[in-house]
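Here is a friendly walk through one model, written for someone who likes to know the cut-offs behind each term.

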Amino acid sequence: MRTTGWISQHLAAVRAVLVFTVLLGLGYPLALTGVAQLPGLRDKADGSVVEVDGRPVGSSLIGQSFTDADGNPVAKYFQSRPSASGYDPGATAASNLGPESIEDTLGDPALDPDSAAGDGSRQALLTQVCARSKAVGELEGVSGARPYCTPDGVGAVLRVFYSDGLSGRVTRAVSVNQACPATPFTATYEGVRVECGRFGEDYGKGVLVPVRGDAPETSPVPADAVTASGSSLDPHISVEYARLQARRVAAARSLPVEQVDALIDEHTTGRVLGFIGEPGVNVLELNLALDRR
Amino acid sequence: MTTATAGVLFILSLLAALAVAYRYLGDHMFRVVAAEHHGRVERGIYRVLGVDPHAEQSWGGYARSVLAFSLISILFLYAFLRLQDVVFKVPDFAATIDERVFPHLAWNTAVSFVTNTNWQAYSGESTMTHLVQMAGLAVQNFVSAAVGIAVAVALVRGFARRRTDRLGNFWVDLTRITLRILLPIAVVGAVLLIAGGVVQSLGDGTAVTTLTGAEQHLTGGPVAGQEVIKELGTNGGGFYNVNSAHPFENPTAWTNWLEIFLILCIPFALPRVFGRMVGDNRQGYAILAVMATIAIASIALTNVFELGGAGTVPQAAGAAMEGKDVRFGLSDSATFAAATTLTSTGAVNSFHDSYTALGGMMPIVNMMLGEVAPGGVGSGLYGMLILAVLTVFVAGLMVGRTPEYVGKKIGAREIKFASLYFLITPTLVLIGVAAAMATGNWRTQLNVGPHGFSEVVYAFTSAANNNGSAFAGITVNTPWWDTATGLAMLLGRFLPIVFVLGLAGSLAGQSPVPASAGTLPTHKPLFIGMVVGVVVILVALTFLPALALGPLAEGL
């Protein structure tokens, strides 16, 4: 009796799994796909594909890179945000680097950084932010200086060694993200000469000290321009980042800046109902509008 | 309007909608689980299953059915994952199944979806075919949610019934909850999501040449149908690696609102079912008040920390925008993060690993609270009722009276079940973290220092509480991690369920005691405050050391 009860229990379970698989795993999604063929839904269900002259060029929901084959920004196009996947929908990813990811792993000078295997270097999030800010600043002709960044675009971070471990007087200071022979961003720290970072040396005993520097609180390069998105496919940039790029795009296209600004306004989506989400500019749609002009 | 003002209005509008859901969705769910009538389709299903819908089960029978159904589900899903390339291999991955879905990953994923965790050690778009996503993973999104609600309902029957050993019929509860609650909402929600831009197709998508001449392959897939139940059933397993941050899963600011609403609506409406079944709506309101108090505090704190943007990198960048998309911004991302971890969802629209130190601590704390405010579908209600039982016990100790809750005495047997329930997840979390640290498996972390430790703590907290979100920098698709988190998910789901059903059986057998002058009223603010206090104190005592070494060390 007990055995039969046990078996019938599992028989019911097997049947239940099969029934629900047919019902919810086939019936439900297939019916939904059918509904999605209705006019008005179909384009969206297929990925909101945007076409130019009958040729698909992207999706209005998915960001893309506006860079040339070498990865350099194409001046006549507004640039998207940094992306951890390089805008590849087949490998979406976020950086997952934390708020105190500030110490780089320096590359082996004996290896070629451009080879397939690389030189083993790894940038901390802080250096990524600093490097992007410097690059955007140079592209747009503004200062890319930021707090905690060196003028050469890496994180301004020291490993400070004390005479008694964590306290006492400073015995040594190393700018860990500036590989030798770079000149450290500051010559001395509490009277001790600051060294550049050397590959392979263990600085683990030193205390990590990010140095804020004297950059202003807000940079002309907005936050979304120096941080990677969560989706790695962010179709939007902030209105501030679009405004920053307007002058360069206008110059590259020999258009008056006012016209480009007007197009930005046209392609800015505000908050839904005035309070849901954040305003943003759809980069692909804006660039398409420029191309049509 | 500033981001902060808009964020506050966003939260208030959600609360208003949830208040409506409490009343109407709650009443609907009550009618479903209390109904006498069986629909035609339902009778057909019972016939195929070979079960008598009128035969109610004891707590042991109910538990055996839950376990049998879940065991078969795991075996079926494991086989499906390993054999997914046999039919309808779209998209046509270059990597073979043995290169993509290792046995340890298939085990982990099968357990993960059956336990309503949806921890994902894989990246959907490069691992799973459309067929296994919709007929394997998404099916479990429905039924694992229904199992949770069924167990909660069985516990409430234990409170509501008198002198019986019958708690209902699992197969009937499972079928009804799936067909009458989850499926209708899912269909409506899915159509809304498609209208917002979520994809729903069976094809492989579209290859395009971008404006600058690069190739980009836009993915296709039956996403909308899975997306909606992923939120509604507090599952969280995304079609894509980046989950609800992906524009094809969560395309606009308003779909983001809708997805948060879907996550919260059933867990917040279930106390209404409790109130109605025990015949006193005030008891439902009291449970709701406890949940809402904790939830609002948590959502507010997460927003404050993220908008504050403390920490070296957020200060350098000017805002904590790493891992967040522009259309959601700081505030709506933070609200999503709180909602997904206050429940057992684990979907993410932004990456918690890149949050500020304290902003990233909030999801961990939410999960450590036991996911009871409002918690996963069903599991939130039964978790909170366990805490209410513990609270009347503590209160009873203070005044020296036998504790009672909604007319049932809380004796030695009941308090044993409740205590065992409470001890499971802390045990799993702390042992798991200790094992990872002792065996060197923590080295798969991405970040270093306290943040790296937080990744390990987050992983086991998420697995043992069946959440599924992560500080995703850590690599967890290794034999050790897949096995260990799989065990944590399995034990963290089914041991509590057995204890809850045991408690239900023990309560159902009692005759109710009439309220007397010595009875602690369990619908008054005093009691609500006490439950909140018990929740916070129990968690603080258990987990403060772990938090001190991780996010607190990083953020303070």
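What follows looks at chain A, its domains, its contact with chain B and the nonpolar core.

This is a predicted model, in which local features need pLDDT of at least 70 and side-chain atom pairs count only at pLDDT 80 or more, while totals for chains, interfaces and linings use all residues. Residues are numbered from 1 along each chain as its sequence is written, with chains lettered from A and ligands numbered from 1 in the order in which they are written.

Let's start with chain A, which has seven helices and 10 strands. Helices (H or I, at least four residues) and strands (E, at least two) are DSSP runs, numbered from the N terminus. Chain A is more spread out than a compact globule, because its radius of gyration is 26 Å, well over the 19 Å that the globule rule gives for 293 residues. That radius is taken over C-alpha atoms, and the rule is 2.2 Å times the number of residues to the power 0.38. Buried residues make up 44% of the 293 residues in chain A; buried means that 20 or more other C-beta atoms, placed from the backbone, lie within 10 Å of the residue's own.

UniProt, in an unreviewed entry, places a "transmembrane region" at residues 12-32 of chain A; such annotations may be inferred rather than shown by experiment. In the model, residues 12-32 of chain A are 100% helix and 0% strand, with end C-alpha atoms 28 Å apart.

An automatic or database assignment supplies the domain bounds. The table sets out the two domains of chain A and what each gives to their contact.

| Domain of chain A | Residues | Residues in the contact |
|---|---|---|
| domain 1 | 49-94 + 230-292 | 11 residues |
| domain 2 | 96-227 | 10 residues |

The C-alpha centres of these two domains lie 30 Å apart. Helix α5 (residues 239-253) of chain A gives five residues, the largest share of the domain 1 side.

How many residues of chain A are in contact with chain B? There are 93, facing 99 residues of chain B, where contact means C-beta atoms, placed from the backbone, within 7 Å. The largest share of the chain A side, 21 residues, comes from α1(A).

Finally, the largest nonpolar core has 257 residues, and B:V151 and B:M291 have the most contacts inside it. A nonpolar core is a set of buried Ala, Val, Leu, Ile, Met, Phe, Trp, Tyr and Cys residues joined through C-beta atoms within 7 Å. Helix α7 (residues 130-160) of chain B gives the most to this core, with 22 residues.

Key:
Two residues are in contact if their C-beta atoms, placed from the backbone, lie within 7 Å. A residue is buried if 20 or more other C-beta atoms lie within 10 Å of its own, exposed if 12 or fewer, and partly exposed in between; C-beta atoms are placed from the backbone.
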